[in-house]
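User: I am in my first year and would like a close look at the aromatic ring pairs of this protein, together with some of the parts around them. Please take me through it slowly and in connected prose.

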Amino acid sequence: MDETQNNRTSLVKGAKDIAKEAKRQASKNFSKAADRASDEYSAHRSYNRFQNEDEEENNYNSYTQQDGHYAGNAANDEDGASSDATEGHDDEDEIYEGEYQGVPAYNDGKPREGQVALGQPVSDSLKSRKELENERQADEEELAQQYELIMQECGHGRFQWQLFFVLGLALMSDGVEVFVVGFVLPSAETDMCVPNSGAGWLGSIVYLGMMFGAFFWGGLSDKVGRRQCLLISMSVNGFFAFLSSFVQGYSMFLFCRMVSGFGIGGAVPIVFSYFAEVLAREKRGEHLSWLCMFWMIGGIYASAMAWAIIPHYGWSFSMGSAYQFHSWRVFVVVCALPCVSAVVALTFMPESPRFYLEMGKHDEAWMVLKQIHDTNMRARGEPERVFTVNRIKIPKQLDELVEMQNESANPVLKVLFKIKAELRGIWLTFMRCFNYPVKDNTVKLAAVWFTLSFGYYGLSVWFPDVIKHLQADEYASRVKIHNDERIEDFTFNFTLENQIHRNGVFLNDRFISMKFKAVTFINSSFLNCYFEDVSSVGSFFKNCTFVDSFLYNTDIDDSKLINSSLINSSFHHNKTGCQMTFDDDYSAYWVYFVNFLGTLAVLPGNIVSALLMDKIGRLSMLGGSMVLSGISCFFLWFGTSESMMIFMLCLYNGLSISAWNSLDVVTTELYPTDRRGTGFGFCNAMCKLAAVLGNLIFGSLVGITKAIPILLASSVLVGGGLVGLRLPDTRANVLM
């Protein structure tokens, strides 16, 4: 009995040796064909080196027992050995154009039904969770190395440039959204008669929406895909941004802009994750930096459109006295166009192949990679070049426990359960960002994002308001003061501007089709006066008396009559709304022009950072840029004139942009693919939280003191730069 068992064991070993020898001969023939087909890679870079040895043996050494004999299903004759990858070869191993036949079948190493695998590893069900995670980690490291070689074979060409411009439109929309807040804020609040207690909510609530959107969409992109999440988030942004231009109530307007911000919040984390996953290592830093330019282009676009559209009051229309569509609403519609363009263009782009591989979708990833390769090769004039990748490593898929619902459950409950499951998945992925070895990186990145954003957005609010205060001081210095005047039987049919009238008497006067601009009447009397079609901007009547006066179609109301008395006087057909007109804003053009200059100053820094990103390193550029920005911010202390403040604004923006570009690249490269969107989304959410705090803190200090904003911004930027220098260098890393 023992002898029979030994004979059988020897027979099995002999069959196994024969199969291995046949496999080596077949691999040798395949390597010759592949080496001749590709003039870019030598035999030592063959993708077969990434195959797991045990997995290969399982693929080639499965035996079936029939009538007491073992037949090797992989022990083919050497002359008959072939594979999908070698079809289309003639006797001299030449490859014919168009001969590649479909998607290579992916064999996961599992025995087929009815077969017995010799040396089969222990079943996954018998392994601990830690063992499975270790295996997945090893698989991911192999995949990272192989994927880098695959992207080098695909090359950098037409496909990457197409995706570059499509994702650039999405990033441009994010830049537009940030600038729209500042440009629309004074217009919307004035047009909708928002009291001072409600002013400022628009800026904060939009940033809050972007904060939650960055975390949600970034996390969801790790679950359902980069392209799909970006499409949905951009669609949400475009729809509610367009809708906000038509709503009349301020609360509804706030809601629409908040949801719009929630949608656009996913742009930054998804765009950089998506684009990085189709770039080879030597191209990644530079081209991600070029992509950052679209954020600046969005700022320039918003500034130029605000400058060209908002001050033109004649571009508006009204439907009765209740519905007003002013020029700033036209500006909101125009600013939604980049988002709409991005949604349309994105429908023609494929999903990230790196995400497909992470999800175990081998065939889908292979098809996208082949599309990238073929698109680039056709653009190079080499359409006959064959995509030589035969099989790609897929990380072990870890099953997650999912609570099953009854199939007959209410559809609403099913939807709620699906939402709950997705949110739980996002939260679990987020918690993994605080596991070893990425925990320290997450904390440091969050600190750098917060400090850079706090200084940048805080100063972005502070700069324009300081300039407005300087302009207002200069405007007030030119005020004309009239004391103890007496005017009788006179018709005012022109504009009164920047005047103060004290102790005046107006007797039998007529105010017809005229405007009061920054005019204040103090202790004045209006006796038997007639007001018709009068508009007032920044004008007030303090301690005044109206006797036997008639006011028709004016906007003079209780808010402008401060401690004033009406004796036998009446108001008829008062104007509704705030009658906002930017023709009455003496600083509108100048404020938009200053923002335009500040955004344009980013261009040189963007070009320099893109060219030097891979030469001097991400961390040197990040830390150096933040420290220099903090130093330039300190010199604002010495700015006493409007022109000096504008120059310092341009210098600060030009120096800080390199830090933003470096931070985007470093964040993308530090997180593995299964957590890249989540980690980037969390960091970007911290960025928007800092923007909210910066708005509140710096906005409250405008006109009070220069010392606190300047010292706070300088110290925060320098501290964040020093933290950034302690991050790991990712310049030579493959994309995990």
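Analyst: In this predicted model, the accessible surface of the protein chain comes to about 33800 Å², and 58% of that surface belongs to carbon and sulfur atoms. The chain contains 21 helices and 19 strands, and 49% of its 736 residues are buried. Among the contacts with a separation of 6 or more, 68% are between residues that stand 24 or more positions apart, and the ring pairs give some examples of partners that are distant in sequence.

A pair of aromatic rings is described by two values, the distance of the centres and the angle of the planes. A search of the whole structure finds 45 aromatic pairs. One of them joins phenylalanine 164 and phenylalanine 275, whose rings are 6.0 Å apart from centre to centre, with 50 degrees between the planes, and this pair is tilted. Because phenylalanine 164 lies in helix H4 (residues 158–191) and phenylalanine 275 in helix H8 (residues 267–276), the pair ties together parts that are 111 residues apart in sequence. How buried are the two residues, in relative accessible area? Phenylalanine 164 has a relative accessible area of 6% and is buried, while phenylalanine 275, at 0%, also counts as buried.

A second pair is formed by phenylalanine 430 and phenylalanine 682, with ring centres 5.1 Å apart and planes at 55 degrees, so this pair is tilted. Phenylalanine 430 belongs to helix H14 (residues 411–432) and phenylalanine 682 to helix H20 (residues 673–701), so that distant parts of the chain, 252 residues apart, are linked. Both residues fall under the 20% cut-off for buried: phenylalanine 430 has 9% relative accessibility, and phenylalanine 682 has 14%.

Ring pairs can also join into a cluster, and here they link Phe490, Phe492, Phe494, Phe506, Phe511, Phe516, Phe521, Phe526, Phe531, Phe541 and Phe546. Two members of this cluster lead us to a sheet, since phenylalanine 506 stands opposite phenylalanine 526 in strand S12. Strand S10 (residues 505–507) and strand S12 (residues 525–527) pair in the parallel sense over three bridges. These strands belong to an open sheet of five strands in the order S7-S10-S12-S15-S18, with parallel pairing. At its edges are strand S7 (486–488) and strand S18 (565–567), each of which pairs on one side only, and the twist from one strand to the next averages 10 degrees.

Aromatic residues also appear around a serine in a helix. Serine 303 is placed in helix H9 (residues 281–309), and with a relative accessible area of 0% this serine is buried. Apart from neighbours within four places in sequence, serine 303 is in contact with Phe179, Phe183, Tyr592, Asn595, Phe596 and Thr599.

Two further helices complete the picture. Leucine 149, in helix H3 (residues 129–154), counts as buried at 9% relative accessibility; leucine 149 and valine 389 are 240 residues apart in sequence, yet their C-alpha atoms are 9.9 Å apart in space. Helix H21 (residues 707–724) has 18 residues, which at 1.5 Å a residue should span 26 Å, and this agrees with the 26 Å between its end C-alpha atoms. The buried residues in H21 are Pro709, Ile710, Ala713, Ser714, Val716, Leu717, Gly720, Gly721 and Gly724. An α-helix has 3.6 residues a turn, so residues three or four places apart point the same way.

Technical notes. Residues numbered from 1 in each chain as written. Predicted model: local features only at pLDDT ≥ 70, side-chain atom pairs only at ≥ 80, totals over all residues. Heavy atoms only, no water. Helix = DSSP H or I, 4+ residues; strand = E, 2+ residues; numbered from the N terminus. Expected span 1.5 Å × (residues − 1). Buried < 20%, exposed > 50% of the residue type's maximum accessible area, 1.4 Å probe, protein only. Contact = heavy atoms within 4.5 Å. Pairing = 2+ DSSP bridges. Axes fitted to C-alpha atoms, helices over the stretch in contact; angles between N-to-C directions. Areas by Shrake-Rupley, 256 points an atom, 1.4 Å probe, with all protein chains shown as cover. Phe/Tyr/Trp six-rings, centres within 6.5 Å; stacked < 30°, edge-to-face > 60°.
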